[in-house]
Amino acid sequence: MREDPTRPGPLAAGEGLERLAELAARLLGATSGRVRLLDDAPGAAPTPPAPDAEEALVQWLCARTAASGAPMAVADARADERLRDLPPVASGAVGSCAAAPLTLEDGRAVGAVCVLGAQPRPWDEDDVAVLRQVAAAAAAELQLAALSSDYRTSKALLEVSVQAAGIGTFDLDVDSGHLVWDEQMHALFGVRREDFGEDVDAAMTRIHPEDQARVRADVAAAVETGVFTSAFRVLLPGGATRWLEGRGRTLPGAAGASPWLVGAVHDVTAQRQVTERVAAALESMAVGYAVLDTRWRLVYANAEAERIVGTPRERLLGRTLWEAFPGTVGTAFEQHYRRAVASGQPEVFDAHYPEPLDVWFEVRAVPDEDGLALYFMDISARKRAQHAAERAAARAQLLAAVTEELTRSLEAERAVDRLAQLVVPALGDWCVITLVDDDAPAGRAAGAGPAAPAPAELRRGLRDAGWWHRDEAARPLVREYAEHRLDELTDTAFLWQALRRTHPVVVNDATRAVTGVLDPGGRVRGVLAQLAPTAGAVLPLRGRGRTVGLMTVFTGPDRPPLTTEELATATEVAARAGLALDSSRLYRQQRDLAEALQRSLLSEPPEPDHGQVVVRYSPAAEAAQVGGDWYDAFMQPSGATVLVIGDVIGHDTQAAAAMSQVRTMVRTIGGLGDDSPVQVLAKADRAVANLQISTTATAIVARLEQTPEEIARGTTRLRWSNAGHPPAMVITPRGEVVALEGRDADLMLGVLPEIERSESETVLERGSTVVLYTDGLVERRDQPLQEGLARLRATLTELAAEDTGLDALVDGLLQRMLPPRPEDDVAVVAVRLHPQDRPRPAEAGPRRVPPHVPGEPPAP
């Protein structure tokens, strides 16, 4: 085989390595320094024979450090179980030691640089950094040795190795200012030897004016402490600047002579640039970032933090957190911050900061030995959306409850009595439900025009059939009001107006307004005065083209009038109640109504650029079997397409109601942002628990994602999370059918909301078809699930061979899989990934996506 010319040749240790070891000892104030190679390293020098008693310790350090590949520092060798029995330690000759590995460019550790001290001493990070630098120089020395057989005897090549490591050395007579540089120092400062006067003042002229005073102070401090450290900029001839870092120690002069400062300097410009880039990144972050020291003082805040809190950072830095933000005292902010510092573990939480900020924050508090770092974002908009989602969920829950209760009973009086209890206190403090007899003219009043019945005719067709008040003590008053008010209403009453309309009649200053349309000599006026409503609304309960009743809702003195959102909810409640009441006349219409309500909750899917989405819903044969199956497809703000299939446990209107809640939550959570499938399911599960929705459901949430590279390759990534649902199926472009098993399916929603859910992903070729379905397609009394899954795979294989369009494929699947009278609902959502390097096919129909969603990047 040909030898790799880039691979180092034989390694050798020589005088240059020993000089580097001595340099390490000098820089670190150690008694001695050694460089040792592993015994099996090619060209390694033989281990010195006895009587060098320290050699066993050096060899041990070399082997252990090289094996670990990381520096080792022992502050007290006599207390270290590994070292205390070695002769030089046991005799008291060695009290401390440190070593750094010699690592070549190919990553091999071939030895170590070791320093030994006579007394125990601590080794700080700077000491370890110096030892690393010397080890780097020694490694460079070894690399050069591979190029020349006489490297060990060449002083010139040693100097080259030091230059390769970027280390320059200097000697300074502190009193006289006489300064001696090696060649690397001249190179670091960008001057020629003949142009340098070997004088500290001459060197100072090369240092940036802003740093000169600090360097002189660091030299003066070294005389006092014996240790020199300094970082400074030098001005290069071309006008550029270079950051250098120097370290050294002072050595006493001869008797009566001034001390000498010896040290090493290396280029840290790249490190400084990284630091500056980090600082720039912190400043450009879209997340607020602040740092507190151990005394809770603000020592740093980035631009986003300044923007969020609306206070210049100059007014914040140096103040304690409690002074700068008094609203944190005694709140969740303080509790989490102190807990993070006490435990040493990060804390992540949401909390509201009161006026004047009035902001919701998401905070991540990360403690360290220097204090506490705070990452925070203004999530007020998200919280508003969350609260809106919660209101929407409550609204959906109310609507679902109304639907469930009114479709559960065929008796109108029982239904409206329950309706009144559902509306109060969700929409008002008290309520009266009025029914219109089926054969009364009132039922045809709305939209009747000039020939509408007069109030006297309308009155004959009405009866107050249900009422409720949130205060039990006031319910007898509402009962009395409902029993007599129809007889005492005048012809200008709001009730007659509502019968003639299809929209609500809003009543302001309700006590005065309603009193004005009551018989002055009747008994209802006094009852109304005791109830004292402040506002109200009369809503027609509309059935199929007719008014089947009226719902009058009032608010009391302790509650504001109905908001626009509450009035909209009341209108939808009235609409659902009207439908339910109208449907109760005929039992055979119940299934049609339940199915219509359920279908109204299943929206049309989007049609992304090169994706075709087809959805189907097939109800059970019996009305009682209409239940909780649902599908969904929507796009997230990033443009990713999300597919959802789910099944709430149960086969009745209650399951349909629960389905609307769960589906609304999944859709809202998934559509607000770009959460992954596992995040959507986890949040929905927690929402079910938080809203005390007593239901369980299976579901799959899947997301189609693409990077530009995947577009170029003609592939799409499918990421999914499964909550106890039958696996989705994929039809490849070659007609193969694969079940997306992934990991084991997680628990259903509504069981253990705190459980950690899993997520799987696969890469699909363009032209693939993904099919999601509910268990009614594969499971029934006479067919176990596994048998149904095998039959499903065989059917899809047959349909794929027929090479039909997606609509025909899904319709054929339902036709071949379902019995003549299905026992269960079935929902199906399928997506076909058309190739992106050609126009969207006509069979996919028009592109239909939300206006704010970005389009696909063009395929190559």
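User: What volume does the largest pocket have?
Analyst: The structure is a predicted model. Rolling a probe the size of a water molecule over the atoms shows where empty space is left. For the largest pocket, the volume comes to about 790 Å³.

User: Which residues lie nearest the centre of the largest pocket?
Analyst: The lining of the largest pocket is made up of 22 residues. Elements that give two or more residues to this lining are α13 (380–408), α22 (653–672) and α23 (677–690). Nearest the centre lie R382, Q386, I669, L672 and K683.

User: Which element gives the largest share of the lining of the largest pocket?
Analyst: The lining residues divide into nine nonpolar, five polar and eight charged. Eight residues of the lining form the largest share, and they come from α13.

User: Which element supplies the largest share of the largest nonpolar core?
Analyst: In soluble globular proteins, nonpolar side chains tend to be buried together. The largest nonpolar core here has 31 residues, of which W430, Y481, L489, F494, L495 and V514 touch the most other members. At least two residues each come from β15 (430–436), β16 (462–469), α16 (475–488), α17 (494–499), β17 (505–508), α18 (510–515), α19 (524–531) and β19 (547–555). The largest share, five residues, is supplied by α17.

User: Which residues does L495 touch, not counting those up to four places away in sequence?
Analyst: L495 is one of the core residues that touch the most other members. With residues up to four places away in sequence left out, L495 touches L462, R485, L486, L489, V538, L550 and T552.

User: How many residues are in the second, separate core?
Analyst: This second core is separate, and L398, A415, L419 and A465 are among its members. Its number of residues is 29.

User: Is E304 buried or exposed?
Analyst: E304 sits in helix α10 (residues 303–309). Leaving out residues up to four places away in sequence, E304 touches M285, A286, V287 and G288. Its relative accessibility is 14%, and buried means under 20%. E304 therefore counts as buried.

User: What is the reach of helix α26 from its first C-alpha to its last?
Analyst: Helix α26 covers residues 806–817, which makes twelve residues. At 1.5 Å a residue, 16 Å is expected, and the reach of α26 is close to that. The value is 16 Å.

User: Which elements are included in what covers the buried residues of α26?
Analyst: The buried residues of α26 are L806, L809, V810, G812, L813, L814 and M817. Their cover includes β20 (611–618), β25 (729–731), β28 (769–773), α25 (785–802) and β29 (826–833).

Notes
Residues numbered from 1 in each chain as written. Predicted model: local features only at pLDDT ≥ 70, side-chain atom pairs only at ≥ 80, totals over all residues. Heavy atoms only, no water. 1 Å grid on protein atoms, 1.4 Å probe; cavity = no way out; pocket = protein on both sides within 12 Å on 5 of 7 lines; lining within 4 Å. Points joined across faces, edges and corners; volume = space filled by probe spheres on them. Helix = DSSP H or I, 4+ residues; strand = E, 2+ residues; numbered from the N terminus. Nonpolar A, V, L, I, M, F, W, Y, C, P; charged D, E, K, R; others polar. Core = buried A, V, L, I, M, F, W, Y, C linked by side-chain atoms within 4.5 Å. Buried < 20%, exposed > 50% of the residue type's maximum accessible area, 1.4 Å probe, protein only. Contact = heavy atoms within 4.5 Å. Expected span 1.5 Å × (residues − 1).
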